[in-house]
Amino acid sequence: MGKSNGLRVIMFPLPLQGCINPMLQLAKILHSRGFSITVIHTRFNAPKTSNHPLFTFLEIPHGLSETETRTRDFTHLLAALNRTCESPFRDCLTKLLQSADSETEEEKQKISCLIYDSGWIFTQPLAQSLNLPKFVLSTYKVSFFLDHFVLPQLRRERYLPLQGSITNSEDDDLVEEFPPLRRKDIFRLLDAETEVLDSYSDLILETTKASSGIIFVSSCEELDHDSLIQAREDFQVPIFAIGPSHSYFPGSSSSLFTPDETCIPWLDNQEDKSVIYVSFGSGVTINESELLEIAWGLRNSDQSFLWVVRVGSVHGKKWIEAIPEEMIGGLNEKGRIVKWAPQQDVLKHRAIGGFLTHNGWNSTVESVSEGVPMICLPFFWDQLLNARFVTDIWMVGVHLENRIERNEIEKSIRRLFSETEGEEIRERMELLKEKVGRSVKQNGSAYRSLERLVDHITSF
Ligand code: UDP
């Protein structure tokens with residue numbers, strides 16, 4: 001750690017894997033710059049505190065029912081968390097500020113600010129009333145954060161009732177208000193589940209504009225140049241794009257699940273760029289027939305693979321028991337199936353040649369940082385936008401267009417691994433990786449943004 005600067009930062013992540021990782025990465029960065037860190041977190045999906053002995057953790061009760069903690073519907077989970085956590089968070093923060101006031105001169109540390117996930121909607125007014133500077137941390141791609149405010153309007157005015165079917169020829173048209181999404185992406189984005197988020201939209205916009213700044217932990221000028229210009233204009237608060245933040249402190253120590261480390265020695269025995277890594281992050285669930293289609297696609301592609309199937313991620317099943325015994329034998333000849341992987345180490349491994357991904361923003365950025373081309377299979381929300389950037393803008397991957405079918409999966413793996421198209425994709429990915437890699441090095445755009453952030457927090 002750098003020498004203590006006598007300042008404490010309070011952080012409040014959403015209790016989801018894709019949100020905890022970047023928040024704790026920022027915590028590590030700030031700690032290395034001399035800040036003390038207090039993380040307020042829910043009992044639900046609590047981070048493994050023992051992995052971060054230098055931080056102070058304060059747990060608040062989440063108040064969720066048993067069913068709510070098991071829900072696969074993230075929009076309702078988010079709504080429930082915002083309903084139940086407000087008052088415990090208020091109590092916790094108020095106590096923290098009071099105890100800081102009563103500290104003796106020697107132990108006194110100034111609480112300089114609160115950094116909270118943009119998905120918490122009650123934090124800003126509370127911090128305001130307590131006179132505490134507050135930063136919104138967004139784990140989204142900047143362009144998604146910026147443009148998703150248009151979704152309620154799209155739902156109201158143009159896309160409801162859903163016009164046409166997915167096979168309509170217009171469905172490939174770009175959506176002017178939310179490029180580079182296509183109409184068919186918007187249909188999926190505006191599914192019934194996300195409607196509950198519409199009511200938050202204006203509030204998030206308002207509170208973000210009233211914040212002390214926005215921190216994009218997993219993006220940088222090189223990935224989001226135009227959107228950053230637009231965001232500065234729209235929000236009129238300081239904006240910091242310091243990512244990919246995992247590059248400052250590589251490693252997966254904020255995993256909520258235990259990573260199966262045995263996949264690394266297995267990868268050591270594979271040839272360079274010969275393995276397709278398959279993972280759909282911490283939230284996606286699939287049904288039994290989709291599991292089987294993926295299994296067949298992998299097997300028929302004849303490519304070696306490392307496949308993460310999370311426990312409970314196949315509807316109605318514990319794990320992979322839906323795959324027939326005789327097929328498992330065949331699969332084991334070419335690959336490994338694990339319950340959770342040390343993903344950043346996996347993507348870094350020389351044996352990995354491609355990533356079949358759901359395009360969560362963390363996974364997408366981790367893949368770019370390691371120069372691994374992607375096969376995109378987005379399921380919901382920002383994943384749809386991230387995938388379009390990968391395939392249509394940066395052209396560093398191929399898109400499955402939601403076809404979870406064995407032939408399509410096999411074809412996409414062959415496109416990436418054996419065809420000229422794959423080589424071209426690889427070359428473009430190498431260039432993007434270098435550009436993004438430079439941004440977190442001294443004098444790079446992300447690095448400079450981080451310096452500005454540290455100065456800004458210190459100035460309070
Ligand atoms: N991850 C991991 N092991 C796995 C799958 C995912 O460590 O087997 C990590 C991954 O490195 C990333 C995070 O979990 O940092 C997933 O975040 P992302 O935004 O990609 O997706 P989400 O889980 O939010 O859908």
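In strand E7, Phe240 is the bridge partner of Ile215. This pairing belongs to a predicted model, in which strands E6 and E7 run parallel to each other over three bridges. Between these two strands the chain passes through helix H10 (residues 221–235), forming a right-handed β-α-β crossover.

**Strand E6 and its neighbours**

- Strand E7 spans residues 239–241, and strand E6 covers residues 213–216.
- Strand E6 also pairs in the parallel sense with strand E5 (residues 134–138), here over four bridges.
- Within the pairing of E5 and E6, Phe135 is placed opposite Gly213.
- Strand E6 is covered on both faces: Gly213 and Ile215 are buried on one side, and Ile214 and Phe216 are buried on the other.

**Division into domains**

- Two domains divide the chain: domain 1 comprises 7–150, 193–243 and 440–458, while domain 2 comprises 263–438.
- The centres of domain 1 and domain 2, taken over C-alpha atoms, are separated by 30 Å.

**Where the domains meet**

- Contact between the domains involves 21 residues of domain 1 and 16 residues of domain 2.
- On the side of domain 1 that touches domain 2, the elements giving two or more residues are helix H1 (17–32), helix H6 (142–147) and H10.
- Helix H1 supplies the largest share of that side, with four residues.
- By residue class, the side of domain 1 that touches domain 2 consists of eight nonpolar, nine polar and four charged residues.
- Helix H10 thus appears in two settings: it lies on the path of the chain from E6 to E7, and it gives two or more residues to the side of domain 1 that touches domain 2.

Conventions
Residues numbered from 1 in each chain as written. Predicted model: local features only at pLDDT ≥ 70, side-chain atom pairs only at ≥ 80, totals over all residues. Buried ≥ 20, exposed ≤ 12 C-beta atoms within 10 Å, placed from the backbone. Pairing = 2+ DSSP bridges. Right-handed = clockwise from strand over helix to strand, strands pointing away. Domains from an automatic or database assignment. Contact = placed C-beta atoms within 7 Å. Nonpolar A, V, L, I, M, F, W, Y, C, P; charged D, E, K, R; others polar.
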